[in-house]
Amino acid sequence: MNESLKGTVLLVDDDPAVAKVLGALLTQAGLTTYPARDGQEALALLASKPVDVVVSDVRMPGMDGMQLLAEVSRGWPDVPVILLTAHGTVPLAVEAMKAGAADFVLKPFDREEILFTVRKALLRAHRDDGRQQARATGGFIGQSRAMADVQAVLAKAATGTATVLLRGESGTGKELAAKAVHDASPRRDGPFVKLHCAALPDTLLESELFGYEKGAFTGAATRKPGRVELAHGGTLFLDEVGDISPAVQVKLLRVLQERELERLGGTQTVKVDVRFVAATHQPLEERVKEGRFREDLFYRLNVVPVWLPPLRERPDDIEPLAHHFLEVHAKTNGRPPFTLKPDGLAALKAQPWPGNVRQLQNFLERLVVLSDTQVLGGAEVLQELARQPGLAPVPAPAATPPASAPSVSEPLAAPAADSARTLESQRKEMERQAMADALRRAGDNRTLAARLLGISRRTLYNKLEEYGLL
């Protein structure tokens, strides 16, 4: 792989020689690297440095790679983890994928393979840059008839093996629904493997789905099972399946029809026993008419369609969701319990919540951290809403009408020098103040500050550097 990569990688290995070689290799590729000798040192670096990807050995004294993976998934869910192991088997890969690993690489690693794997992880991390990752979805909490209907359909679907297609806007809980189908199914003890189809270009998506044989392309140093194989005996969740290209659609159709595949560069047919759950926010019917999505694939996916309603169509669910999120985030952030007054609840219900449950959750977490009182009324909710673009605008002060308005032909007076600032300079000043305020409120915890601002840790560090706040 000759192209230069951009990003920051945390290398965790108790063998200094391995860390040195791997660090030099990634540095030559254009990456910034931080070495750590064990899991504890890695966690300390994660808390203080802008890290895009973690590459960790599995076998280490003290905290091993699987334990480190659990800690990273809990504290930094937006940071992908790649595991290095000399004991690479498919069962270990399945265990790592179930635990949330982005990928794994066998030791001794090949230069091109490790760069290929890191590049995939960086692409996913950068594609998700700026998105808030929901750490707790709140489950199917609610009292609306709409969600009761959804749960009933999911419960029925879980008992069979038919493909489920989850439809709905972003933030409505499609991944949660997919996990609910798996957990209630006879496959609950098998792996639940996820793949975000929109996060990778075609070439990488194909290798992620179907795996590859040694020598299939530059970087394929060993045979590698794909996500379909890794989900054997369990469930494969294909998120944003509506975004895959026609070329990949053809190969996915074959797997759905025949339950078999061939790895990239291979000729051997591999039989798989996988239950498929797919999700999309795209209007697939329109894409079929436009020729952008195969009609036969649509029918293969749309066996059991489940529509998840947006939050604005189920306002009765806002109250139980709000109480749940306030309780969860108060405990997570070490704060006493919060009480939501009726006028505070009314202010929440008045919002359209275009980002749905995920947006409501993130808003309430910010409210928990930023609020100076544990009793949240309309004033506290509206104050925080005013800070959030796309929710409630900051009320404009009432203007006093002039005694006599200037005529059409009369030129307006030039602004004073100190008020003639550009829109860009004012934006930067407000952005800098928001960064400083979030850091102060978060007790200089930068991961929490990023969540409060609704941005990624990488974006936060870039902004802090830009404004001299590091």
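**Exercise 1. Pairing of β1 and β2**

Task: In this predicted model, find in which sense β1 and strand β2 (residues 32-36) pair, and over how many bridges.

Solution:
- Step 1. Place the two strands side by side: β1 and β2 pair in the parallel sense.
- Step 2. Count the links between them: the pairing extends over 5 bridges.
- Step 3. Pick one position: Pro 35 in β2 stands opposite Leu 11.
- Step 4. Follow the chain from β1 to β2: the path goes through helix α1 (residues 16-28), and this β-α-β crossover is right-handed.

**Exercise 2. The other partner strand**

Task: State how many bridges join β1 to strand β3 (residues 53-57), and name the bridge partner of Leu 10 in β3.

Solution:
- Step 1. β1 and β3 run parallel and are joined by 4 bridges.
- Step 2. Leu 10 has Val 54 of β3 as its bridge partner.

**Exercise 3. Covering of β1**

Task: Determine which residues of β1 are buried on each side.

Solution:
- Step 1. Buried means under 20% relative accessible area.
- Step 2. With this cut-off, 5 of the 5 residues of β1 (residues 8-12) are buried.
- Step 3. Sort them by side: Thr 8, Leu 10 and Val 12 lie on one, Val 9 and Leu 11 on the other, and both faces are covered.

**Exercise 4. The buried face of α7**

Task: Explain why the buried residues of α7 line one face of the helix.

Solution:
- Step 1. List the buried residues of helix α7 (residues 174-183): Lys 174, Ala 177, Ala 178, Val 181 and His 182.
- Step 2. Seen down the axis of α7, these residues fall within an arc of 140°, so they line one face.
- Step 3. Find what the buried residues pack against: α6 (145-158), β6 (164-167), β7 (192-196), β8 (235-239) and β11 (275-280).

Methods. Residues are numbered from 1 along each chain as its sequence is written. This is a predicted model: local features need pLDDT of at least 70, side-chain atom pairs count only at pLDDT 80 or more; totals for chains, interfaces and linings use all residues. Side-chain values use heavy atoms; hydrogens and water are left out. Buried means under 20% relative accessible area, exposed over 50%, partly exposed in between (1.4 Å probe, protein chains only). Two strands pair if DSSP finds at least two bridges between them. A crossover is right-handed if, with the strands pointing away from the viewer, the path from the first strand over the helix to the second runs clockwise. The arc is that of the directions from the helix axis to the C-beta atoms. Contact means heavy atoms within 4.5 Å.
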